[in-house]
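Student: I've got a model open and I'd like to go through the reasoning behind the labels people put on it. Can we take it one label at a time?

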Amino acid sequence: MKLILFLCGQIGVMCLARFFFGWMTRFADAGGAGGEALFSGALVGYTLLVFRIFDGVTDPLAGTLSDWWKRKGRPRQQLLLFFFLLPAVGLVLCFLPSSAMSPFVRWATLASGLLVFFAGYTLYAIPYWSLVEDYSGGDLKLRRRLSNLLGLGMMIATGLGFVVSGPLIEQFGYVTAAVIFAVFGCLLMPLPFFAVPVKEALENAQTETGEHVPLRKSLRLSLTHGRFLGLIALFSGSQMSFTIMTAAAPFITIELLGGSEKNVPLVLGPLLGVAIPFFFFVPGLSKRFGWEKGMLFASIALAVVYTGTGGLGQAWIGTPMLTASVVFAFAGPMAAVLLGMEGEAIVDCARERGGDALAGIYWGVFNFIVKIMNGVALLISGYLADWSRTAGDIAVRSMGFAAGACLLVGVSVYAVIKLATKSASAPR
């Protein structure tokens, strides 16, 4: 039961994030009366990049706050209760702009929503993810399970974000759908507070295994940690690809396959249907091969699949829609591996350098870089969305090619860091 309560937090916060990232570009492009553009896709992309950088900069600060709170002898999970409402409020504000508003009011409303959404997301998520180490109490098996639950929660939220959100938007519109998701997220996000492990494990978790490390030193330790930098390279590539493909799914469904918003689940549903049960095998794969090898090979395989989505629209297997469903289904196992091993990898790197004392800051630094790269991915999506108005199919197909390229770049940077680290540690 405690594991389910822990999982609920990830489902809640990621439902808000998936709704936002999945529909923001489409909303800007066709959210006005009669499908008119409310904002320039490119300008929204730049705006999201700016706020993504702001979001990333606040991550190490949130990590420092989280670690400081724990050092004071207070349960880290208390922070969840302080901040869980903020991202929901921000989400609704982001989807409030309408064609009845003046351009200035539209942008002011959007900017206010982005500020509240990203600040709330960071202040909730960093302490929550750091509970992987607190709640595991040094138990490697439990740490793998909690890490895997974070990945599973993201995938379930992605399913809800598209399987449910598309029909809701089509029936009620963007604002009402955003309110429904906001309420749902608020109901789930406080629940990890009640997932405290048994007393013995909690007492072990509350005792830090490392000394207090000042912010400047902790940043230096993390940013000079070769294995951690390699992890960031791999996950930057995978998270950028997820972001681009999340934004691309409505365009692929509507522009290439001739469907509508309510048909988006027909494309993403098979991916989720394969990925979610595959999470059952991820802890075993991590134990057998290690998170590093698992992530590396999953990134390469996923790059092949995502690049293949650039050719959708053809009836290779039955109908074009069935073909797309099969292609997306092949991405399921790799997505499960990458998402399921993320938390374990970050905590493992943190323990290499400073034990529990660096868990929060490592999460913060990781998210600082990955979120900025996600902002770049949103900017790419915005440009491609704008381009699709004049170039048509080629721009939509380029979204799949761009997602695959992000993964391959991440793998290449990882290889360079790996070689440099080996060279630096070799005896002279």
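Student: Which helix does Ser381 lie in?

Tutor: Ser381 sits in helix α16, residues 359-391. Keep in mind that this is a predicted model.

Student: What makes Ser381 count as buried or exposed?

Tutor: Buried means under 20% relative accessible area. Ser381 has 2% relative accessibility, so it counts as buried.

Student: And what does Ser381 touch, leaving out residues up to four places away in sequence?

Tutor: Thr25, Ile244, Ala247 and Met399.

Student: Okay, zooming out. How many helices and strands are there in the chain?

Tutor: The chain has 17 helices and zero strands.

Student: How do you know whether the radius of gyration of the chain agrees or disagrees with that of a compact globule?

Tutor: Set the two values side by side. For 428 residues, a compact globule would come out near 22 Å, and the chain has 21 Å, so the value agrees. The box filled by the C-alpha atoms, taken along the principal axes, is roughly 60 × 45 × 40 Å. Buried residues account for 58% of the 428 residues.

Student: What share of the contacts in the chain join residues at least 24 apart?

Tutor: Counting contacts between residues at least 6 apart in sequence, 83% of them.

Student: What about the surface and the charges?

Tutor: The accessible surface is about 16200 Å², and carbon and sulfur atoms own 69% of that. As for charge, there are 31 positive and 23 negative ones, and their mean positions are 6 Å apart.

Student: How many disulfides does the count come to?

Tutor: Zero disulfides.

Student: Why is there no bond at Cys15?

Tutor: A disulfide needs two cysteine sulfur atoms within 2.5 Å. The closest cysteine sulfur to that of Cys15 is in Cys8, 10 Å away, so the pair is too far apart for a bond. Cys15 is also buried, at a relative accessible area of 0%.

Student: Why does Cys186 not form a bond either?

Tutor: The cut-off argument carries over: the closest cysteine sulfur to that of Cys186 belongs to Cys15, 12 Å off, so that is too far for a bond. With a relative accessible area of 19%, Cys186 falls under the 20% limit and is therefore called buried.

Student: Which residues of α4 are buried?

Tutor: Helix α4 spans residues 86-94, and its buried residues are Pro87, Ala88, Gly90, Leu91, Val92 and Cys94. They pack against α1 (2-30), α3 (78-83), α5 (103-136) and α7 (174-188).

Student: What shows the packing between α4 and α7 at the level of single residues?

Tutor: Try Ala178, which is found in helix α7. Outside its neighbours within four places in sequence, Ala178 is in contact with Phe19, Leu91, Val92 and Phe95. Ala178 and Val92 are 86 residues apart in sequence, yet their C-alpha atoms are 5.5 Å apart in space.

Student: What makes Ala178 buried or exposed?

Tutor: Its relative accessibility is 0%, so Ala178 counts as buried.

Student: Why is Ser102 called partly exposed?

Tutor: The label covers values between 20% and 50%. Ser102 has 34% relative accessibility, so it counts as partly exposed. Ser102 is in the loop between α4 and α5, and its C-alpha is 20 Å from that of Leu91, 11 residues away in sequence.

Student: Where is Asn263, and why is it called buried?

Tutor: Asn263 is in the loop between α10 and α11. Its relative accessible area is 19%, under the 20% cut-off, so the label is buried. Leaving out neighbours within four places in sequence, Asn263 is in contact with Thr253 and Met321. From Asn263 to Val163 it is 100 residues in sequence, and 8.6 Å between the C-alpha atoms.

Student: Met321 is a name to follow up. Which residues of α14 are buried?

Tutor: In α14, residues 320-330, they are Met321, Thr323, Ala324, Ser325, Val327, Phe328 and Ala329. These pack against α10 (226-256), α11, α13 (291-308) and α15 (332-353).

Student: What makes Leu268 buried or exposed?

Tutor: Leu268 is in helix α11, residues 264-278. At 8% relative accessibility, Leu268 is under the 20% limit and so counts as buried. The C-alpha atoms of Leu268 and Met245 are separated by 9.9 Å, with their positions 23 residues apart along the chain.

Key. Residues are numbered from 1 along each chain as its sequence is written. This is a predicted model: local features need pLDDT of at least 70, side-chain atom pairs count only at pLDDT 80 or more; totals for chains, interfaces and linings use all residues. Side-chain values use heavy atoms; hydrogens and water are left out. Helices (H or I, at least four residues) and strands (E, at least two) are DSSP runs, numbered from the N terminus. The radius of gyration is taken over C-alpha atoms; the globule rule is 2.2 Å times the number of residues to the power 0.38. Buried means under 20% relative accessible area, exposed over 50%, partly exposed in between (1.4 Å probe, protein chains only). Contact means heavy atoms within 4.5 Å. Accessible areas come from the Shrake-Rupley method with a 1.4 Å probe; for residues, only the protein chains shown count as cover. Lys and Arg count as positive and Asp and Glu as negative; His and the chain ends are not counted. The place of a charge is taken as NZ of Lys, CZ of Arg, CG of Asp or CD of Glu.
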